[in-house]
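Subject: Structure for your files

Hello,

Here is the structure I said I would pass on. My notes on it follow below.

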Amino acid sequence: MKNEYNIFTQLGGKFLVQPEIFAKKLDKITCVLFDWDGVFNSGEKGEGTTSHFYEADSMGTNLLRFAFWAKNQQTLPITGVLSGASSASAQTFVSREHFHFLATRFKHKSEAIEAVCQHCGLNPDEILWVYDDVLDVSAARMCGLRIMVRRSASPLFTQYIEREGLAEYVTAHAGGDFAVREISELLIGLMGKWEEVLAHRTTYSSTYRSYLEIRQAIRPQALQRMVEGLQFMDL
């Protein structure tokens, strides 16, 4: 654990709790939720633009899920993306990577957390929330483990998050600069699974193929806040 702590702090990441406390919180996690804009990308908007994603981040999420699967008796973590607005790129990513769901149209992301807990039978302290900005704070107040994606242009917001205790780690990298890959490798390392995960993935072992078969069988769902209430449907 000390090695991973040093590697990521030297990179520029910042633990807001002791690594031992971080690892204890991580042991409880059975669900990983990502914000989209500002996490997988820079959050750029405008006519003709798309909130894209990167293959390095995609690989990171896959390795992370494999690590959870290997650690938790071959049980996949529930994995999802919460996006305030509809995003074709987010839908493509969730479908391609066989995440469990994409949640959209929630005015307050705390409502999405409540819906996920109710639908999946979770407690909030089982959820890891990866986020970057003000509209994500209501969810951060609820979840058991929080990672904030750094943005150097928001020093006052970062100070607020640190002062209010709303994150356990702040990344070295920004959204659009492979922050998700940093987070994935950090978590795998703190689980003590990095060498094992890499060995199985690089050799495409039977163990990895067993995981992949289960992952590919997931049918991603869309979770939306509609006027008449929540709606779950195949993505």
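The sulfur of C143 lies 7.2 Å from the closest cysteine sulfur, which belongs to C117, and that is too far for a bond. A disulfide would need the two sulfur atoms within 2.5 Å. The count of disulfides by this rule is zero, and C117 is accordingly in none, the sulfur of C143 being its nearest at 7.2 Å. Please keep in mind that this is a predicted model.

Are these two cysteines buried or exposed? C117 has a relative accessible area of 10% and C143 has 6%, so both count as buried, the cut-off for buried being under 20%.

Another residue I looked at is V180. It is found in helix α8, which covers residues 179-191. With a relative accessibility of 0%, V180 counts as buried. Which residues does V180 touch, once its neighbours within four places in sequence are left aside? The contacts are with F34, V39, F40, D57 and T61. As for V149, its C-alpha is 8.4 Å from that of V180, while the two residues are 31 apart in sequence.

Now the chain as a whole. Its secondary structure consists of ten helices and nine strands. The radius of gyration is 17 Å, and the globule rule gives 18 Å for 235 residues; the two values are close, so the chain is as compact as a globular protein of that length. The C-alpha trace spans about 45 × 45 × 35 Å along its principal axes.

On burial, 49% of the 235 residues count as buried; C117, C143 and V180, discussed above, each have that status. The accessible surface of the chain is about 10900 Å², and carbon and sulfur atoms make up 50% of that area.

On contacts, take those in the chain with a sequence separation of 6 or more: 64% of them are between residues 24 or more positions apart.

On charge, the chain has 24 positive and 28 negative charges. How far apart are the mean positions of the positive and negative charges? The distance is 3 Å.

That is what I have for now.

Regards

Technical notes:
Residues numbered from 1 in each chain as written. Predicted model: local features only at pLDDT ≥ 70, side-chain atom pairs only at ≥ 80, totals over all residues. Heavy atoms only, no water. Helix = DSSP H or I, 4+ residues; strand = E, 2+ residues; numbered from the N terminus. Rg over C-alpha atoms; globule rule 2.2 N^0.38 Å. Buried < 20%, exposed > 50% of the residue type's maximum accessible area, 1.4 Å probe, protein only. Contact = heavy atoms within 4.5 Å. Areas by Shrake-Rupley, 256 points an atom, 1.4 Å probe, with all protein chains shown as cover. Lys, Arg positive; Asp, Glu negative; His and termini not counted. Charge placed at Lys NZ, Arg CZ, Asp CG, Glu CD.
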